[in-house]
Amino acid sequence: MEVFYYLVFGGLAAVVAGLELAKGGKDRVTTSQAFNSFKNNYVLVYSLMMSGDWLQGPYVYYLYSQYGFDKGDIGRLFIAGFGSSMLFGTIVGSLADKQGRKRACITYCISYILSCITKHSPEYKILMIGRVLGGIATSLLFSAFESWLVAEHNKRGFDPQWLSITFSKAIFLGNGLVAIVSGLFANLIADNLGFGPVAPFDAAACFLAIGMAIIMSSWSENYGDPSESKDLMGQFKVAAKAIASDEKIALLGAIQSLFEGSMYTFVFLWTPALSPNEEDIPHGFIFATFMLSSMLGSSIASRLLARKLKVEGYMQIVFTISAFTLFLPVLTSILVPPSSAKGGSISFGGTLQLLGFCTFEACVGIFWPSIMKMRSQYIPEEARSTIMNFFRIPLNLFVCVVLYNVNAFPITVMFGMCSIFLFMAAVLQRRLMVVSDLHKSSTKAQAQEMVDEDEPLNP
């Protein structure tokens with residue numbers, strides 16, 4: 001493997017280590033022992049759940065290609081996953097609110113384990129079933145676990161500000177360190193030990209089973225709104241009404257859809273972008289490098305949140321940087337002469353793109369705890385999972401449209417489209433900050449009016 005990859009990985013590792021070691025008093029928050037135990041339990045479970053997801057990441061596209069499927073066939077398999085997440089996500093989110101978030105988390109484990117098992121079959125129909133199960137699991141991963149955490153945190157009476165600590169730690173480990181180790185471990189068992197591209201999926205099933213056992217033995221159940229026994233349509237109406245009546249929730253949903261839609265499209269595109277002429281690239285090691293970049297981003301986010309900087313403010317900068325990094329493939333295609341030679345090592349244009357993609361992944365690392373913080377502030381508890389999965393409908397639709405037309409447009413066009421969406425997210429983030437500030441000012445003014453009215457009655 002080329003020295004370049006080691007230099008990028010080593011440089012990022014040094015920066016992350018330096019940031020963590022340099023944390024001062026302003027970057028740390030004093031908490032209770034009970035909260036620390038609760039946080040550590042959740043972070044452990046979340047890390048196991050994410051390891052089940054990250055182990056699969058580097059080899060999904062590669063496994064399908066090894067089974068003989070072309071880019072169009074693979075695109076349709078990805079569409080099945082995002083499509084099932086779009087169709088069934090809102091339903092399972094509502095069931096999580098109504099039937100229990102703990103049960104939903106267990107359902108995630110079972111669905112994803114079954115999805116991993118299907119990867120042993122080269123039959124297209126079986127792989128399609130696996131993608132559908134994986135799509136359902138993804139909806140639960142990004143709604144049920146967070147909903148359980150927020151409800152349980154509040155139920156136990158912990159300081160609301162401490163939620164950002166759990167979010168940052170979960171992303172730093174689950175989307176950072178665990179993802180790095182998962183990428184390296186997947187590379188080890190699939191390539192170095194010669195077990196083949198299906199081995200990471202077997203390892204993922206094992207980690208998911210361990211996490212499920214911990215959930216079943218240590219988590220208590222919580223629900224959405226216990227005061228009303230709403231049916232499924234009732235939950236949908238509550239969620240739709242909340243989004244329609246509150247501009248802040250609608251803006252947050254649009255921002256999340258634009259960013260995550262671009263992010264999931266990037267997941268599909270980075271492999272062909274870095275190896276357009278079938279260059280020999282270490283998929284697992286590059287994936288680990290991306291996750292180290294995400295870890296860097298989450299470390300930066302933990303500092304920003306600990307210092308109570310306005311999330312709505314700094315995320316505008318993050319989205320703008322993200323837009324530029326995904327525009328790099330367009331720039332390199334124009335400025336760097338393309339090579340027609342097949343195979344070989346990564347090209348000069350590829351190295352520039354890799355550095356840009358690492359910067360994008362750092363932005364992803366900042367995005368996750370920050371969007372979680374905003375969701376905990378703006379989304380009502382009674383239909384949290386339902387609303388969060390409503391947000392996933394447009395992003396899954398966007399990704400499905402992109403992947404369906406994957407052969408119709410050059411890869412640079414798709415990256416350019418993602419860049420535009422990320423810039424739109426920055427604009428909407430600005431609007432969210434303005435609306436949020438106006439709402440806070442209005443609330444303070446109303447509170448002051450009530451105090452002024454009471455003063456003559458209480459001389």
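Biologist: Which hand, left or right, does the crossing of α11 and α12 have?
Modeller: This is a predicted model, in which local features need pLDDT of at least 70 and side-chain atom pairs count only at pLDDT 80 or more, whereas totals for chains, interfaces and linings use all residues. Residues are numbered from 1 along each chain as its sequence is written, and side-chain values use heavy atoms, leaving out hydrogens and water. Helices (H or I, at least four residues) and strands (E, at least two) are DSSP runs numbered from the N terminus, and a crossing is left-handed if the near helix is turned anticlockwise from the far one by less than a right angle, right-handed if clockwise. The crossing of α11 and α12 is right-handed.

Biologist: What is the orientation of α11 and α12 to each other?
Modeller: With axes fitted to C-alpha atoms over the stretch in contact, and angles running from 0 to 180 degrees between N-to-C directions, α11 (residues 247-274) and α12 (residues 283-306) pack at about 125°, their axes 12 Å apart. Angles under 35 degrees count as roughly parallel, over 145 as roughly antiparallel, 65 to 115 as roughly perpendicular and the rest as oblique. The two helices, α11 and α12, are therefore oblique.

Biologist: Which residues of α12 does α11 meet?
Modeller: Contact means heavy atoms within 4.5 Å. On the α11 side, Phe-266, Trp-270, Thr-271 and Leu-274 take part, and in α12 they meet His-283, Ile-286 and Phe-290.

Biologist: What is the orientation of α1 to α12?
Modeller: Helix α1 (residues 3-21) packs against α12 at an angle of about 20°, with the axes 10 Å apart. That makes α1, relative to α12, roughly parallel.

Biologist: How many charged residues does the contact of α1 with α12 have?
Modeller: The residues that meet include Phe-9 and Glu-20 in α1, and Leu-292 and Arg-303 in α12. Ala, Val, Leu, Ile, Met, Phe, Trp, Tyr, Cys and Pro count as nonpolar, Asp, Glu, Lys and Arg as charged, and the others, Gly among them, as polar. By class, this contact has 16 nonpolar and 3 polar residues, and the charged residues number 2.

Biologist: Which helix gives the largest share of the largest nonpolar core?
Modeller: A nonpolar core is a set of buried Ala, Val, Leu, Ile, Met, Phe, Trp, Tyr and Cys residues joined through side-chain atoms within 4.5 Å, where buried means under 20% relative accessible area, exposed over 50% and partly exposed in between (1.4 Å probe, protein chains only). The largest such core has 142 residues, and those with the most contacts inside it are Met-49, Tyr-108, Phe-145 and Phe-290. Its largest share, 14 residues, comes from α11.
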